[in-house]
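Please find below my comments on the structure under review. They are set out as numbered points, beginning with a single residue and then turning to the chain as a whole.

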Amino acid sequence: MYFEGYGYRGSTFEQTYRCYPASFIDKPQLETGDKIIMPPSALDRLASLHIEYPMLFEVHNAAAERTSHCGVLEFIAEEGMIYMPYWMMQNLLLQEGDMVFIKNANLPKGTYVKLQPHTTDFLDISNPKAILEKTLRNYSCLTTGDSIMVAYNNKKYYIDIVETKPSDAISIIETDCEVDFAPPLDYKEPEPPKAAVPPSTAPTSEEAAEEEPKFIPFTGSGRRLDGKASKDKDISTSSPAKRQANATNSVQASTASTSQSSSSRKTMGKLVFGPGGNCTSKETDKVPEKEPKEDPKKDEPKFSAFTGRKYSLKG
């Protein structure tokens with residue numbers, strides 16, 4: 001294994017470099033993928049080892065015990081240096097100028113990957129599946145535990161690699177891979193809807209109609225034109241129930257008096273029309289005749305003219 005310098009050992013490529021972000025070489029396109037820029041000497045060594053394409057590498061930060069995987073875009077970096085996407089440096093906990101170990105790797109083709117967006121904003125995109133497919137074309141491999149960056153509409157979305165199959169690191173070049181999504185990290189379960197009021201407790205239309213006050217006519221208070229107190233003052237101030245009862249009693253009393261007067265009219269006369277017409281003459285004969293009243297005028301003294309005392313003018 002190589003620790004310092006530019007020597008190689010064995011049939012594998014193993015090298016330590018100082019890493020810097022892509023902004024140092026004016027290659028902003030590196031941020032949309034997982035590929036790094038290596039020095040020309042690395043290409044010479046890889047060619048002599050007959051490394052299979054696509055070239056994939058294991059990137060290891062021994063100080064933080066972090067490991068990831070990447071591909072290579074170009075071999076134009078200065079000797080002893082490599083340039084990588086800034087999001088990859090964040091995954092490996094690397095700072096500018098830190099040492100990183102690079103080793104070639106053979107990764108199996110992936111069959112399954114589970115992704116988890118950091119925010120629900122990614123799901124608000126009109127077609128997140130199409131955006132993700134377009135972004136992953138710039139990636140050569142995925143590693144469980146990494147967070148990749150998806151740039152869309154001048155905004156950056158970070159997505160965690162939760163699970164990969166058949167291994168923890170897979171190649172996604174020219175392969176059909178099943179993609180599954182986990183709920184975003186800031187996702188909150190919707191609150192359960194409030195329980196509806198049971199129908200038994202809700203008042204029915206019949207009960208509501210019974211509770212409404214009934215209409216009682218002529219319940220207002222009367223006023224006299226001469227300013228004196230009205231006799232029906234106590235009736236107007238009473239409750240609607242009492243006024244209704246009084247009105248009912250007055251109707252019953254008037255009905256009773258009407259029936260009594262009609263019956264008396266039937267019995268006092270000799271000719272009866274209606275249901276009482278079949279009465280016998282005997283029943284009419286039994287009606288007692290009224291006793292003639294004495295004329296009060298008989299007791300009064302008769303008027304007599306010139307009944308006063310006489311007086312003489314002579315004395």
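1. Between which strands does the loop holding E31 lie? In this predicted model, E31 sits in the loop that joins the span from β1 (residues 14-21) to β2 (residues 35-37).

2. The environment of E31 deserves attention. Its side chain is buried but forms no salt bridge. K156 is the nearest side chain of opposite charge, at 5.8 Å, whereas a salt bridge requires a nitrogen-to-oxygen separation within 4 Å.

3. As to what surrounds E31, its contacts beyond four places in sequence are with A22, P85, Y86, W87 and M149.

4. Confidence should be kept in view when the model is read. The mean pLDDT of the chain is 76, and 63% of the residues reach at least 70. Residues 1-8 have a pLDDT below 50, yet the model gives this stretch 21 contacts beyond near neighbours in sequence. Over residues 279-287 the pLDDT likewise stays under 50, and here the model has one contact beyond four places in sequence.

5. On overall architecture, the chain contains seven helices and twelve strands. Among contacts with a separation of 6 or more, 76% link residues 24 or more positions apart.

6. Concerning burial and surface, 30% of the 315 residues in the chain count as buried, and E31 is one of the buried residues. The exposed area of the chain is about 23,100 Å², of which carbon and sulfur atoms supply 54%.

Technical notes. Residues are numbered from 1 along each chain as its sequence is written. This is a predicted model: local features need pLDDT of at least 70, side-chain atom pairs count only at pLDDT 80 or more; totals for chains, interfaces and linings use all residues. Side-chain values use heavy atoms; hydrogens and water are left out. pLDDT is the predictor's confidence in each residue, from 0 to 100. Contact means heavy atoms within 4.5 Å. Helices (H or I, at least four residues) and strands (E, at least two) are DSSP runs, numbered from the N terminus. Buried means under 20% relative accessible area, exposed over 50%, partly exposed in between (1.4 Å probe, protein chains only). Lys and Arg count as positive and Asp and Glu as negative; His and the chain ends are not counted. Accessible areas come from the Shrake-Rupley method with a 1.4 Å probe; for residues, only the protein chains shown count as cover.
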